[in-house]
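This report describes one protein chain for a reader who has not seen it before. It begins with a group of paired strands and then widens to the chain as a whole.

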Amino acid sequence: MLQRASETMKNTSATQKEAVFRRAAEHEVELPPQPGQVHRASMGRIIDYRLQETTNDMVRAIATLPGHFEAIPKWGSPWHYHECDLQIALILKGSLDIAYEHETFSRASQGDILFIPGHVLHDVGGASSDYQVAEITFPGSFGTIEADPPEPDLKSRGATLAIRDARLIGEYDGLAIYRYALAEALGSQYAIRRYVRRRAEASHGVWQQHADRYRMLFVTQGKVTVEVNGNRPAILKALDIAIIPGDADYRYLSPSVEYEAVEVALGK
C-alpha cells in the first residue's frame with residue numbers, strides 16, 4: 001500500500017532518480033517496417049514513449065492512435081510469442097478477438113487488460129474500427145517470434161483481466177484503488193492497480209512514497225496533476241505516462257471527476 005511521506009518535503013539528493021513524464025502528443029512516430037512480422041507490418045504511426053532510455057531498458061511502452069484500425073479491417077496476428085518477461089496490453093477503446101489456447105478465442109473490450117507472460121503463445125484479430133491499445137513490455141528490448149498454433153491440451157498462463165477482476169483494496173486521498181490478482185510467479189515482481197476518482201470524496205494532494213523500484217502511471221481518461229520531490233508539477237491527460245521512482249515524495253493534485261488510470265509497479 002501507499003506510504004504517507006512527511007508533510008515537509010525532503011531535500012532531493014544529487015543521486016536520487018528523477019521522475020519522468022511522457023506526453024502522448026509529443027511522442028508520435030512512424031513505426032519502422034518489421035519484415036516477417038505480419039501483425040506489426042501495418043502499424044503505421046504510433047506513440048512511442050521512449051521509456052527504455054529512462055528506465056535502463058526495463059520497460060517499453062507504445063500506443064496506437066485513434067482511428068488507427070479503420071482502414072485495415074482484416075488486421076490480425078498469427079500465433080506468436082514474445083521473448084520477454086511480460087507484456088501487458090491496455091485496451092483503451094473498441095474490442096478484438098484473442099486466444100491463448102487452442103481454438104479458444106474470446107472477445108476482449110475497452111477496459112480489459114491482456115496479461116501475457118513471456119513465451120506465451122497468443123493470437124489476435126477481428127479488431128473493431130475504433131480499437132485502440134497501449135502495449136507495455138518488460139524489459140524494453142524484446143523479440144517477437146511467430147509460431148505454430150499451440151497443442152490442444154496446452155494450458156496457457158496468458159489471461160484477459162476484466163475490470164471486474166480488479167478488487168477494491170482501499171481509498172486514498174479521493175481515489176479508489178483496485179488491484180488485480182496475478183499468478184504467483186509474476187505477482188511477486190509486478191503489481192497492476194487501477195485508480196478511479198471518488199467524486200464524493202475530497203482530494204487534498206497528500207504527499208506519499210512507495211518502496212517499489214518504480215511505478216508507471218498510465219492515464220486512461222480525465223486528467224491529473226503530479227508533483228514529485230517538490231519540482232514543477234506536471235499535468236497529465238489521457239494516454240500520458242508518469243514514471244515515479246521508489247523513495248520519491250510525490251502527490252496527485254486536482255484529479256478530474258472522470259479521472260482513471262492504470263498503474264504498473266515493478267518491485268525491487
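Strand β20 and strand β21 (residues 234-237) run antiparallel and are joined by four bridges. The model is a predicted one. One pair in this ladder is threonine 225, whose bridge partner in β21 is isoleucine 235. The two strands make a hairpin, with five residues between them. In the turn, asparagine 229 has a positive phi of about 55°.

β20 also has a second partner, strand β23 (residues 250-253), to which four bridges join it in an antiparallel arrangement. Here glutamate 227 stands opposite arginine 251 of β23. Is β20 mostly covered or mostly open? Five of the six residues in β20 (residues 223-228) are buried, and the strand is mostly covered.

A separate group of strands lies earlier in the sequence. Strands β9, β8 and β11 form an open sheet in the order β9-β8-β11, with antiparallel pairing. At the edges are β9 (106-109) and β11 (123-125), each of which pairs on one side only. From one strand to the next, the twist averages 35°. β8 (residues 95-99) is joined to β11 by three bridges, and within this pairing aspartate 97 has glycine 125 of β11 as its bridge partner.

The antiparallel strand pairs described above are set out here with their bridges.

| Strand pair | Bridges |
|---|---|
| β20 and β21 | four bridges |
| β20 and β23 | four bridges |
| β8 and β11 | three bridges |

The next feature is a pocket. The largest pocket has a volume of about 270 Å³. Which residues lie nearest its centre? They are Ile91, Leu92, Gln110, Thr220 and Gln221, out of 17 residues that line the pocket. Three elements each give two or more residues to this lining: β7 (86-93), β19 (214-221) and β24 (260-266). β7 gives the most, with four residues.

The remaining values concern the whole chain. The protein chain holds two helices and 24 strands. Of its 268 residues, 53% are buried. The chain exposes about 12,700 Å², and carbon and sulfur atoms supply 48% of that area. Among contacts between residues at least 6 apart in sequence, 71% join residues at least 24 apart.

Methods
Residues are numbered from 1 along each chain as its sequence is written. This is a predicted model: local features need pLDDT of at least 70, side-chain atom pairs count only at pLDDT 80 or more; totals for chains, interfaces and linings use all residues. Side-chain values use heavy atoms; hydrogens and water are left out. Two strands pair if DSSP finds at least two bridges between them. Axes are lines fitted to C-alpha atoms, for helices over the stretch in contact, and angles run from 0 to 180 degrees between N-to-C directions. Buried means under 20% relative accessible area, exposed over 50%, partly exposed in between (1.4 Å probe, protein chains only). Contact means heavy atoms within 4.5 Å. Accessible areas come from the Shrake-Rupley method with a 1.4 Å probe; for residues, only the protein chains shown count as cover. On a 1 Å grid over the protein atoms alone, a cavity is a set of points where a 1.4 Å probe fits but cannot get out, and a pocket is an open set with protein on both sides within 12 Å along at least five of seven lines; lining residues have an atom within 4 Å of a point. Grid points are joined across faces, edges and corners, and a volume is the space filled by probe spheres set on the points.
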